[in-house]
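Visitor: I would like to learn how to read a structure like this one. Please show it to me first.

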Amino acid sequence: MDLKDLYRDVILDHNKSPRLFGKLDPADSSADGHNPLCGDRLHVTVRLDGDRVSDLRFEGKGCAISVASASLMCEAVKGKSRAEITHLFNEVHEVLTRHDAPVPEDLGKLAALSGVREFPVRVKCASLCWHTLNAALERSHEPVKTE
Amino acid sequence: MNANPAYSSYDAERVWRDFPILSRQVNGKPLVFLDSAASSQRPASVIAAVDEYEKKHHANVHRGVHQLSQEATNMFEHARERVREFVNAASTREVIFTRGTTESINLVAQSYARPRLQRGDEILLTGLEHHANIVPWQLVAEQTGAVVKVVPINHRGEVDVADFSRLINERTRIVAFAHVSNALGTVLPVREITQLAHARGAVVLVDGAQAVPHQRVDLQALGCDFYAFSAHKMYGPTGIGALIGRESLLGSMPPWQGGGDMILTVSFEKTTFNVLPFKFEAGTPNISGAVGMAAAIDYIDSLGMHAIHEHEQRLLKIATRKLEAVPGLTIIGTAPDKAAVISFTLDGIHPHDLGTILDTEGVAVRTGHHCAMPVMDFFGVPATARASFACYSRESDIDALVAALGKAREVFS
């Protein structure tokens, strides 16, 4: 296990200066995510243009992995359709959880999260934002849990 | 350096060698185990005692006339006597084996409190409780219409006895609090609080899970009505613990689970319940666990609780000084009277990241809310890292922790 593989420069950078951090008001939908294991809390707000997420923000407190993952996710999904987001989520999920999964080329900066799979207890940190975004897109206002 | 004869003979390296697991490696580094407040490790003598029981003596207890059953029963009841001696309970009738602290507290909530509480009655807790001493009371409050009240903590993580005095009133039926806070290490003045509660007719339950491994507990001197603890935090096995209860109260309480061992006679019309303590021990108990718990008490006695306490307090002082010198580190919980537990945060690094980085250095600390979310809320942090010490902790463990914190700083620089 190499720490540098988990805390890559992209992750540290997005943790220090998270992109699309904040809250959209008004927003078309929002959701709360909570990881009870480490106390991470995220709030995601989205604006929709038909089938597309035209804009989104996240706010909250969390570990470097969860903050960087949320920041990278927001950048990656902005402007994308629901189908494209689902596709990305599936790819990210595969990369986070399957030890031998190849890292798809279209993941872009999200590929920086692939080091997380060497640290199984941290997978939930990286996936919390995606579950929260999903909940917002499903218009669910129930808090999401990774447990 | 230390004039105390018990302490000067304390050999931490030798104690460390009594615990086989401590010599293993983690992530290619020697293990530095600083998470004993979550669960301590077991000495070879405890492992051997359980092994010996399983290999030579096991049968069901209180049931057979055959040799093995008698041996198992003798060992189980001997363990009860050892637990009684360990906390100076008045009688083995007051010593109930449970699965641990959590089950002990639930037993009191459901068997003592639930039949007695009326709407508007008050249960008084403190702001530093573990979830195990909050949730059972919330459940019984919902069932009965009773109200949960909370004695606040201050910025050092202490509770003020004057606040107990203010909040205990004629509606207070139960006062429940930790002897030692698992998240902060704060030691509470059990005797004083108990006297205040008794003066107003309230019954006192103390969560002793974090106290019994670190200091001598004398229940007859403390005077509380119920005392709960677990073996696995005091060098014994998991899945076994005890509830010590005042005999007059236990005697008036209905059984909380039904089954074998807790009955005298059963017909389909009526069951006669067994005497104390068996009334509260339905089903085949954790016999090997009890044997291991007794062996853990023997082990503690062999070192001397006073010597363990002195050793840990010395480590606490050293660790506090060395951690305070780490730039950006804040210790959460600074009560003058503390067990050897240090919760802390490090600026700019989330405790969860810290936990992962320390782990790659072989250093095991707990990170998270420590099952004490109200404590985290009070200090305005989502989580902390917590280093906790035990009889086998060494000064070199503190140095390894400090070095690993330096490594974390490097990663996040």
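Guide: We take chain A, then a sheet, then the contact between chains. This is a predicted model, in which local features need pLDDT of at least 70, side-chain atom pairs count only at pLDDT 80 or more, and totals for chains, interfaces and linings use all residues. Residues are numbered from 1 along each chain as its sequence is written, while chains are lettered from A and ligands numbered from 1 in the order in which they are written.

Visitor: How many helices and strands are there in chain A?

Guide: Helices (H or I, at least four residues) and strands (E, at least two) are DSSP runs, numbered from the N terminus. Chain A has 5 helices and 4 strands, in the sequence pattern α-α-β-β-β-α-α-α-β.

Visitor: What box do the C-alpha atoms of chain A fill?

Guide: Along the principal axes, the box is roughly 45 × 30 × 30 Å.

Visitor: What is the order of the strands in the open sheet of chain B?

Guide: Two strands pair if DSSP finds at least two bridges between them. The open sheet has 7 strands in the order S4-S10-S9-S8-S7-S5-S6, with mixed pairing. Strands S4 (95–98) and S6 (147–151) of chain B each have a single partner strand, so one side of each lacks a neighbour in the sheet. S5 (residues 122–126) of chain B runs parallel to S6(B), joined by 5 bridges. Within this pair, Ile123(B) is opposite Val148(B).

Visitor: How many residues does the contact take from each chain?

Guide: Two residues are in contact if their C-beta atoms, placed from the backbone, lie within 7 Å. Chain B gives 14 residues and chain A gives 16. On the chain B side, helix H13 (residues 351–360) supplies the largest share, 5 residues.
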